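Student: Could we go through the ligand site together? I would like to understand the words as well as the values.
Tutor: Happily; here is the structure.

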Amino acid sequence: QVSQALKSIARNQHIKSYIQQSNELYPLLLKAAKRFVTGENKQDGIEIAKELISKGYFISLEYIGENTAELEDCIKVKEEFLNLIEKMGSMSMKQTVSLDLSHIGLSLNPDIAYKHLLEIAEKANQYGITLMISMEESSKTDDILDIYKKATKQYPNVGITLQAHLYRSSDDIKELIYYPGRIRVVKGAYEESAEISIARSEELTERYLSLVDTLVAANHPVSIATHDEVIIQELLHRKHAQQPNVEFEMLYGIRSDLIWDLKEKGYQTKVYLTYGKEWYLYLCHRLAEYPPNIYTAISDIVQP
Ligand code: FAD
């Protein structure tokens, strides 16, 4: 219930604009968000990326946002991604950029998102950068997968995220395996109905493991994107992480002890970084998926 409330708060435009206009609340919440978000500008993301790369991690960088409603804004977002990639390229940062297709036009029209994606993928390709498409609510899954399939045929540096909690993913993977892009397996962050999805449970753990098994057996590039120690231990036991195409990926600010440990043991590890003014939505997601974070956020806020 706490999670559901937080997810509705995150998308409530009145609350959002109230916070954005409040001189008191805005800086306090930004302080709490800084645990999970690098900052509001790309330079913040680049600085932390450089630091993590120097410690031996790979990184994935996202300019946060989703559901852009105006074409003009979608174009600005696309430009921001192009600038980010140029900046990374100029520093020879051959890493990963992540994006939501609804940030660059999917909410208006799939063709707009596809056109923008191709421009971004072309630029990423020039610099040896991988582009990962995030997965959004189930109402968008078909469109996202269609766009991914068309794009990755042309640009194999484009990868896709697959949500283990959706029943359909066990079928989707059978087809996705024939496309070249990296597949990032996540449990799923969105609230979905019980008819189409599995809640956090042993059954979900089994589904997650089975998706990774399928990808590893096919020697397909895979990112194991979870903070779940049970899953990670089991995959280590199955020796999947020893494959060259397999990496562990975790969100910045979450279980940094665990990803450090994996890196020290010699496994390929990637940290998912975000930046942007839409940090509020991202913060709410992180609090919703793990409510003890609410206490951490409060203590971040009250600390001088
Ligand atoms: P959980 O069962 O949720 O958590 C396992 C344990 O991890 C918890 O007990 C806790 O110890 C720790 N933990 C988990 N979350 C938190 C947190 N917020 N704060 C502190 N500790 C925590 N979801 C999508 O729907 N679409 C995407 O495109 C997407 N991309 C992602 C990319 C990456 C790299 C990662 C790591 C996640 C992504 N997610 C995405 C989110 C994902 O679906 C889950 O919501 C999130 O990873 C939490 O699930 P979990 O696998 O860690 O397991």
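Student: Which helices and strands each supply at least two residues of the shell around the ligand?
Tutor: They are β4 (158-163), β5 (183-186), β7 (246-251) and α12 (279-289). The names follow DSSP runs numbered from the N terminus: helices are H or I with at least four residues, strands E with at least two. β7 gives the most, three residues. This is a predicted model, where local features need pLDDT of at least 70, side-chain atom pairs need 80 or more, and totals for chains, interfaces and linings use all residues. Residues are numbered from 1 along each chain as its sequence is written, and side-chain values use heavy atoms, without hydrogens and water.

Student: What makes a residue count as near the ligand?
Tutor: One of its heavy atoms must lie within 4 Å. Of the 24 residues around the ligand, Lys 187, Gly 188, Thr 226, His 227 and Asn 293 come nearest.

Student: Why is the pair between Glu 289 and the ligand called a polar contact?
Tutor: The term means a pair of N or O atoms within 3.5 Å. A polar side-chain atom of Glu 289 is 2.8 Å from a ligand oxygen, so the pair qualifies. By that rule the backbone of Gly 188, with a polar atom 2.7 Å from a ligand oxygen, qualifies too.

Student: How much of the ligand does the protein bury?
Tutor: The protein buries 87% of the 930 Å² that the ligand exposes when taken alone, by the Shrake-Rupley method with a 1.4 Å probe.

Terms used
A polar contact is a pair of N or O atoms within 3.5 Å; within protein, one must be able to donate a hydrogen and the other to accept it, and residues adjacent in sequence count only if both atoms are side-chain atoms.
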